[in-house]
Amino acid sequence: MVGSRSRPQLRRPTWIIVLLSIVCVFLIAAYVYPPRSPSSCSLFYGRGCGGGTFDLPPAARSHELSDAERESRVVIKEILNYYPVQTKKPKVAFMFLTPGSLPFEKLWHMFFQGHEGKFSIYIHASKEKPIHFSPYFIGRDIHSEPVSWGKISMVEAERRLLANALLDPDNQHFVLLSESCIPVRRFEFVYNYLLLTNVSFIDSYVDTGPHGNGRYIEHMLPEVEKKDFRKGSQWFSMKRQHAIIIMADSLYFTKFKHHCRVLCSSLTKFFCSCFKLQPNMEGNRNCYADEHYLPTFFNMLDPGGIANWSVTYVDWSEGKWHPRSYRARDITYQVMKNIAYIDESPHFTSDAKV
């Protein structure tokens, strides 16, 4: 019989302690020296995520900054580099931009039910006072002003909603919704998805066609150059730092307010009559601030802090002035499932088809 060689016995508890100590040291090091690459941000959330400290790439500065630009960027840089305050009960603010009552309020009630303390609701009704059925929505209307399609009043309403939502320090993420929006995921999924990310979901892309860069107005110079002009969906979801930046911005908002405007003297649903151009306009161009202000603003000042796509699904594939409308007969389980599991965000531009 072959004799077995005796092996020294390992003190297993000691090795386990050593192994755990090494892991702890690694985790501490990762926290103290956070990774700078965006791919690492999903594992270690910290000050190093989202592109690190704020600074514009040299190529973006093609002109000497004015005093107003320099002052604006100093404020924005400080806000971006400021470590966000962590609250014990972080909430997501759901902000509804609607002309009146919400047709899907009962569906939203089911979405929110059982998750009290994790959300806040704000309603901007631009035409008539809404009638609410859900206790979650009663008393959540804010002071509202009239909103006209395609005009700066749309952006002003968005800022009004953000200002009200920012008063609650527990609100850490802000979602803009319309009266026609419905949830296609469960609350817990949406809540965790938004709060565990370190970017804002703001759509921003280049459209070199007539309904993109063709809307650019030279009067936006020198602060907004044509190469920085971007287009994107109005419906955003943003972190608290970015919401504060929007409140702090006056320079770029004023540029869009004065120069990114609708030319027409009267607007109907699909047609407009242009008899007299408004001041500071050039040529026969319409510019819609709600599609250009935020995409351009964040492309210029914090491009690494946005995802360049929206978490709100809108179908522009028909190439019309308004996105595709879904009627009752169009809604099936498969359609809802397909929308919920979309893993890409196509951008439909107005470039001439070759």
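What follows is a chat between a student and a tutor about the predicted model of this protein chain.

Student: Okay, starting from zero: how many helices and strands does the protein chain have?

Tutor: The protein chain has nine helices and six strands. Keep in mind that this is a predicted model.

Student: Got it. And what share of the residues is buried?

Tutor: Of the 354 residues in the protein chain, 43% are buried. The chain exposes about 21,000 Å², and carbon and sulfur atoms supply 58% of that.

Student: What about contacts, how much comes from residues 24 or more positions apart?

Tutor: Taking contacts with a separation of 6 or more, 76% are between residues 24 or more positions apart.

Student: Let's go inside. How many residues are in the largest nonpolar core?

Tutor: That core has 44 residues, and Met95, Phe174, Met238 and Tyr293 have the most contacts inside it. At least two residues each come from helix 2, strand 1, helix 4, strand 3, helix 6, helix 7 and helix 8.

Student: Which helix gives the most to this core?

Tutor: Helix 4, with eight residues. There's also another core lying apart from this one, with 21 residues, including Phe94, Ile123, Tyr191 and Leu194.

Student: You mentioned Tyr293. What does Tyr293 touch?

Tutor: Leaving out residues up to four places away in sequence, Tyr293 touches Val155, Arg159, Ile246, Asp249, Tyr252, Phe253 and Phe256. Its relative accessibility is 1%, so Tyr293 counts as buried.

Student: Some of those sound like helix 7. Which residues of helix 7 are buried?

Tutor: Helix 7 covers residues 251-259, and its buried residues are Leu251, Tyr252, Phe253, Lys255, Phe256 and His259. Among the elements covering them are helix 2 (67-81), helix 4 (152-166) and helix 8 (289-301).

Student: Wait, there's a lysine in that list. What does the side chain of Lys255 meet in a salt bridge?

Tutor: Lys255 meets Glu223, at 3.1 Å from N to O. This pair links distant parts of the chain: Glu223 is in the loop between helix 5 and strand 4, Lys255 is in helix 7, and they sit 32 residues apart. Both Glu223 and Lys255 are buried.

Student: How many salt bridges does the structure hold?

Tutor: Nine. One of them joins Asp141 and Lys129, at 3.8 Å from N to O.

Student: Is Lys129 buried or exposed?

Tutor: Lys129 counts as exposed, because its relative accessibility is 66%. Asp141 has 26%, so that residue counts as partly exposed.

Student: Any salt bridge with Asp228? Just curious what its partner is.

Tutor: Lys227 is the partner, with 3.2 Å from N to O. Asp228 counts as buried because its relative accessibility is 10%, while Lys227 is partly exposed at 41%.

Student: And which residues does Asn299 contact?

Tutor: Setting aside neighbours within four places in sequence, Asn299 is in contact with Ser204, Asp228 and Arg230. Asn299 is placed in helix 8.

Student: Why does Asn299 count as buried?

Tutor: Its relative accessible area is 19%, and buried means under 20%.

Student: Switching topic: how many aromatic pairs are there?

Tutor: The structure holds 28. Take Phe96 and Trp108: the ring centres are 5.3 Å apart and the planes are at 85°, so this pair is edge-to-face. Phe96 lies in strand 1 and Trp108 in helix 3, so the pair ties together parts twelve residues apart in sequence. Both residues are buried.

Student: What kind of aromatic pair do Tyr293 and Phe297 form?

Tutor: A tilted one, with 5.8 Å from centre to centre and 35° between the planes. Both lie in helix 8, four residues apart, which is about one turn of the helix. Phe297 counts as buried because its relative accessibility is 2%.

Student: Which residues form the aromatic cluster?

Tutor: One cluster is formed by Phe94, Phe96, Trp108, Phe111, Phe112, Phe119, Tyr136, Phe137, Phe187 and Tyr191.

Student: Last one: which ring does the charged end of Arg185 sit over?

Tutor: The ring of Phe189, 4.1 Å from its centre. Lys106 has its charged end over the ring of Phe133, 5.6 Å from the centre of that ring.

Definitions and conventions: Residues numbered from 1 in each chain as written. Predicted model: local features only at pLDDT ≥ 70, side-chain atom pairs only at ≥ 80, totals over all residues. Heavy atoms only, no water. Buried < 20%, exposed > 50% of the residue type's maximum accessible area, 1.4 Å probe, protein only. Contact = heavy atoms within 4.5 Å. Areas by Shrake-Rupley, 256 points an atom, 1.4 Å probe, with all protein chains shown as cover. Core = buried A, V, L, I, M, F, W, Y, C linked by side-chain atoms within 4.5 Å. Salt bridge = Lys/Arg side-chain N within 4 Å of Asp/Glu carboxyl O. Phe/Tyr/Trp six-rings, centres within 6.5 Å; stacked < 30°, edge-to-face > 60°. Lys NZ or Arg CZ within 6 Å of the ring centre and 35° of its normal.
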